[in-house]
Amino acid sequence: MPRSAEEIMAHADELADRFEDFEPAPGSGKDARALRDVASAFRRLAASARDVADAVSVARAEGHTWAAIGAILGTSGEAARQRYGRAEGHRGQRRRASA
């Protein structure tokens, strides 16, 4: 159903007024602590994933096989290679230099 520009603008103004005039009932807001906890846990998970990838790169740079790395990770060597083999050289060199 096509609308004119005037109808669209009138509706937008009405919605803006409703938004500006909205007063939530006391106690109706949700505590965002649980969402902050999710965000914090995700940041820790991402940091851990980077640490694992860096450690895998170091292990490869030191000559360890994908089979050995996969066994430590609880997977096959091929699965480890597919997951961590892409950036193998860059991370390992950086990690060894900082160690």
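So, E78 is partly exposed, with a relative accessible area of 40%. Keep in mind as I go that this is a predicted model. Who does E78 pair with? That would be R81: the two side chains meet in a salt bridge, 2.5 Å from N to O. R81 is partly exposed too, at a relative accessible area of 37%. The pair sits three residues apart in helix α4, so about one helical turn separates R81 from E78. And that fits the general rule: an α-helix has 3.6 residues a turn, so residues three or four places apart point the same way.

How many salt bridges does a search of the whole structure find? Two. Besides the R81 and E78 pair, there's D31 with R33, where the closest N and O atoms are 2.9 Å apart.

Let's stay on α4 for a moment, which covers residues 77-84. Its buried residues are G77, A80 and Y84. Those cover an arc of only 60 degrees around the axis, which puts them on the same side of α4.

Okay, stepping back to the whole chain. We've got five helices and zero strands, so to speak an α-α-α-α-α pattern if you read along the sequence. Of the 99 residues, 13% count as buried.

Now helix α3, residues 66-73. Which residues are buried there? W66, I69 and G70. They span an arc of only 100 degrees around the axis, and that puts them on the same side of α3. Turn to the face pointing away from that buried side, and you find the exposed residues A67, A71 and I72. Right after α3 comes G74, and its phi is positive, near 80 degrees.

I72 is worth another look. This residue of helix α3 has 75% relative accessibility, so it counts as exposed, the cut-off being over 50%. I72 also belongs to a nonpolar patch on the surface, along with V52 and L73. Together, the three have about 270 Å² of accessible area.

Last stop, the charges. Where do D13, E14, D17, E20, D21 and E23 gather? On the surface, in a patch of negative charge. Take D13 as one of them: you'll find it in helix α1, residues 5-21. D13 is partly exposed, with a relative accessible area of 45%. A residue needs over 30% to be in a patch, so D13 clears that bar.

That's my tour, thanks for listening.

Definitions and conventions: Residues are numbered from 1 along each chain as its sequence is written. This is a predicted model: local features need pLDDT of at least 70, side-chain atom pairs count only at pLDDT 80 or more; totals for chains, interfaces and linings use all residues. Side-chain values use heavy atoms; hydrogens and water are left out. Patches are made of residues with over 30% relative accessible area and no salt bridge: like charges are joined within 9 Å, nonpolar side chains (Val, Leu, Ile, Met, Phe, Trp, Tyr) within 5 Å. Accessible areas come from the Shrake-Rupley method with a 1.4 Å probe; for residues, only the protein chains shown count as cover. A salt bridge is a side-chain nitrogen of Lys or Arg within 4 Å of a carboxyl oxygen of Asp or Glu. Lys and Arg count as positive and Asp and Glu as negative; His and the chain ends are not counted. The place of a charge is taken as NZ of Lys, CZ of Arg, CG of Asp or CD of Glu. Helices (H or I, at least four residues) and strands (E, at least two) are DSSP runs, numbered from the N terminus. Buried means under 20% relative accessible area, exposed over 50%, partly exposed in between (1.4 Å probe, protein chains only). The arc is that of the directions from the helix axis to the C-beta atoms.
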